[in-house]
Amino acid sequence: TQAPVNVTVTGAAGQIGYALLFRIASGQLLGQNTPVKLRLLEIPQAVKAAEGTALELEDGAFPLLAGVDIFDDAKQAFEGVNVALLVGARPRTKGMERGDLLEANGGIFKPQGEAINAGAADDVKVLVVGNPANTNALIAQSHAPDVPAERFTAMTRLDHNRALAQLAKKLGVTVSDIKKMTIWGNHSATQYPDIFHAEAAGRNAAEAVNDQQWIENEFIPRVAKRGAEIIEARGASSAASAANAAIDHIYDWVNGTPEGDWVSMGVPSDGSYGVPEGLISSFPVTCKDGKYEIVQGLEIDEFSRGRIDASVRELSEERDAVKQLGLV
Ligand code: NDP
């Protein structure tokens, strides 16, 4: 067997962390041949709760779990990290302005970027889950100049998975019948779930749906606002599905996407599809040999163009705001 892979999880004592850690320990993050060492980062007040979770991890007797260490210091937590899952973030509280939110998160993601820069392994891969995920990823990335920028990604896989499920339901097919779903832009209400390039059981999905009204007024808002629907029903935000999406994101990045399909990831733009270079925006990507590539050459019609531009505009505004705060 190979040497254990170091996986650092921040916000480990939170509800996503609780759903995530057991799946990592069971081998679902990297595959059934890869032992993992968990490095949990929490704020000092939550270290005790993380220790409790570590006791439960021990009780799982997971054959692939090579150890669990708990830290309240980013520098230590990211020492030697191969896979960094940045889940902990400052949630928006009542009356909080966007600027305050970005500033509070800057205080978290700047030092974490610096710690990754200082201590991460050469092959480090970073996934930001904590919101606002795209801009938090941008902050961390901009403080890690020695790490290739493309290693910093933001999660839009939950949106992608939600879109797969809604479309499959609409068409009466299974999720595995659907290929080439795309989420564009920001992980926010402006995100654009695009089915115009998707295939459903071999047919073009938009043609199979044949209902622009449904796409615009039901599908897109349902996917974009699914988080609120979950909170309304569950009385708490989505956690297990978010953890599941984080697992999918890293698993596919490491192990590759199937031939003839792609996934959605928030990645630094190389200017593709008119998205300003450097913005961390969601794109369709294929993965192979531990690397991803933005799918090129898709035709973007006027409707899609407008939706992508609106979400990218929001990302640009977030970047301007954190620039003004001196965070990037
Ligand atoms: P959760 O575990 O529920 O959520 C963590 C983050 O994930 C939030 O920013 C949340 O955003 C985000 N998120 C992204 N996608 C989703 C989704 N689909 N559904 C729900 N959330 C999503 O938060 P908890 O409050 O339970 O736990 C956070 C933990 O992080 C706490 O234990 C806290 O102590 C810790 N923390 C750790 C830090 C560190 O390690 N340095 C720094 C800050 C906090 P949203 O707010 O939009 O729901």
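Contact here means heavy atoms within 4.5 Å. By that yardstick, and leaving aside residues up to four places away in sequence, Phe62 touches Phe22, Ala25, Ser26 and Leu57. The model is a predicted one, in which local features need pLDDT of at least 70 and side-chain atom pairs count only at pLDDT 80 or more, while totals for chains, interfaces and linings use all residues. Residues are numbered from 1 along each chain as its sequence is written, and side-chain values use heavy atoms, with hydrogens and water left out.

Phe62 sits in the loop between H2 and strand S3 (65-71); helices (H or I, at least four residues) and strands (E, at least two) are DSSP runs numbered from the N terminus. Its C-alpha atom is separated by 9.8 Å from that of Ile24, with the two residues 38 apart along the chain.

Next, the helix pair. Two packed helices are described by the angle between their axes and the distance between the axes. Helix H1 (residues 15-25) packs against helix H2 (residues 47-59) at an angle of about 30°, with the axes 11 Å apart. Axes are lines fitted to C-alpha atoms, for helices over the stretch in contact, and angles run from 0 to 180 degrees between N-to-C directions. H1 supplies Tyr18, Leu21, Phe22 and Ala25 to the contact, and H2 supplies Thr53, Glu56 and Leu57. Sorted by class, that makes five nonpolar residues, one polar and one charged. Nonpolar covers Ala, Val, Leu, Ile, Met, Phe, Trp, Tyr, Cys and Pro, charged covers Asp, Glu, Lys and Arg, and the others, Gly among them, are polar. H1 passes H2 in a right-handed crossing, meaning that the near helix is turned clockwise from the far one by less than a right angle; anticlockwise would be left-handed.

On to the ligand. Of the 25 residues around it, Gln15, Ile16, Glu42, Leu158 and Ser238 come nearest, where a residue is near a molecule or strand if one of its heavy atoms lies within 4 Å of it. Several side chains pair with the ligand through N or O atoms. A polar contact is a pair of N or O atoms within 3.5 Å; within protein, one must be able to donate a hydrogen and the other to accept it, and residues adjacent in sequence count only if both atoms are side-chain atoms. The side chain of Glu42 has an N or O atom 2.6 Å from a ligand oxygen, and that of Asn131 has one 3.0 Å from a ligand oxygen. For Gln112, the partner is a ligand nitrogen, 3.2 Å from an N or O atom of the side chain.

Asn131 also takes part in a cis peptide bond, joined to Pro132 with omega about -5°. Pro132 belongs to the loop between strand S5 (125-128) and helix H5 (133-142). H5 is largely enclosed by the rest of the structure, because nine of its ten residues are buried, buried being under 20% relative accessible area, exposed over 50% and partly exposed in between (1.4 Å probe, protein chains only). The buried residues of H5 include Ala133, Asn136, Leu138 and Gln141. Their cover includes helix H4 (98-119), S5, strand S6 (152-154), strand S13 (280-288) and helix H11 (302-324).

Gln166, in helix H6 (residues 157-171), is buried too, at 9% relative accessibility. Not counting residues up to four places away in sequence, Gln166 touches Trp214, Phe219, Arg222, Val223 and Arg226. Gln212, by contrast, is partly exposed at 34% and lies in helix H8. With the same sequence neighbours set aside, Gln212 touches Phe196 and Phe303.

Phe303 turns up again around Asp301, a residue of the loop between strand S14 (291-294) and H11. A polar atom of the Asp301 side chain lies 3.3 Å from the backbone nitrogen of Phe303, and one lies 2.8 Å from the backbone nitrogen of Ser304. Asp301 counts as partly exposed, at 36% relative accessibility.

Two residues other than glycine have a positive phi: Ala201, near 45°, and Asn210, near 50°. Ala201 is placed in the loop between strand S10 (199-200) and strand S11 (203-204), and is exposed at 54%. Asn210 falls in the loop between helix H7 (205-209) and helix H8 (212-224), and is likewise exposed, at 65%.
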